[in-house]
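Reader: Hello! Could you take me through one part of this structure closely, namely the salt bridges? I would enjoy a connected account.

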Amino acid sequence: MKSEPEAFGIDDLAAAPGATAMWDGVRNYQARNLIRDHMRPGDRALLYHSNTRPPGVVGIVEVVSEPYPDPTAFDPDEAHYDPKSDPQAPRWFCVDVRLRERLPRQVTLAALRACPALEGSPLLRRNNRLSIVPLTGAQWGAVLALAEGR
DNA sequence: GCCAACGTTGGC
DNA sequence: GCCAACGTTGGC
């Protein structure tokens with residue numbers, strides 16, 4: 001799960017009550033489908049900081065809610081307001097996530113690119129604009145191995 | 001339904 | 001700050 005730390009990063013999540021926050025604002029259909037159709041309580045995800053120097057994976061979060069309609073889509077005062085999302089037929093979904101741990105050290109995009117086990121991951125596709133990408137178990141393990149310096 | 005214009009993302 | 005990629009919009 002990708003976010004810009006300037007907007008909402010691992011420090012913001014850590015500072016939230018219960019280290020838990022609503023992962024809102026996803027406005028991409030592919031990412032929406034991943035949330036709505038695949039995320040369930042207990043699932044874990046890597047937290048990735050984008051648009052920062054250096055970009056990379058910084059922590060592990062846990063999904064702690066079922067997917068539910070993103071309330072920020074209904075609120076004209078919200079930056080991600082979408083008048084086309086009808087509360088009766090919500091277009092956008094979110095989940096609540098809780099910070100489980102900060103990685104002992106950030107796994108930079110450069111390190112991810114240099115890791116053979118991650119070759120072909122959608123995360124590393126050039127100009128990846130998906131804010132949520134799926135990982136295989138092997139890829140998950142490879143990222144954690146990098147974080148632990150193995 | 002096509003496609004050009006436009007806006008956004010995000011690495012560098 | 002630049003720029004490539006790509007999703008979205010809207011005129012036709």
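**A close look at the salt bridges**

Author: Happy to! In this predicted model, D11 and R102 form a salt bridge, with 3.0 Å between the closest N and O atoms. D11 belongs to helix α2 (residues 10-15) and R102 to strand β6 (residues 93-108), so the pair ties together parts that lie 91 residues apart in sequence. As for their surroundings, D11 is exposed, at a relative accessible area of 51%, while R102 is partly exposed, at 43%.

Strand β6 also holds R98, whose partner E62 sits in strand β4 (residues 56-63), 36 residues away. In this salt bridge the closest N and O atoms are 3.5 Å apart. R98 is partly exposed, with 31% relative accessible area. E62 has a relative accessibility of 13% and counts as buried, because the limit for that class is under 20%.

E62 meets a further side chain, that of R100, in a salt bridge of 2.6 Å from N to O. Here again strands β6 and β4 are linked, with R100 and E62 38 residues apart. R100 is partly exposed, its relative accessible area being 39%. Through shared partners, E62, R98 and R100 are joined into one network.

The general idea behind such pairs is simple: side chains of opposite charge can pair when their charged atoms come close. To place these examples in context, the count for the model comes to 6 salt bridges, among them D11 with R102 and R100 with E62.

Notes
Residues numbered from 1 in each chain as written. Chains lettered and ligands numbered in written order. Predicted model: local features only at pLDDT ≥ 70, side-chain atom pairs only at ≥ 80, totals over all residues. Heavy atoms only, no water. Salt bridge = Lys/Arg side-chain N within 4 Å of Asp/Glu carboxyl O. Helix = DSSP H or I, 4+ residues; strand = E, 2+ residues; numbered from the N terminus. Buried < 20%, exposed > 50% of the residue type's maximum accessible area, 1.4 Å probe, protein only.
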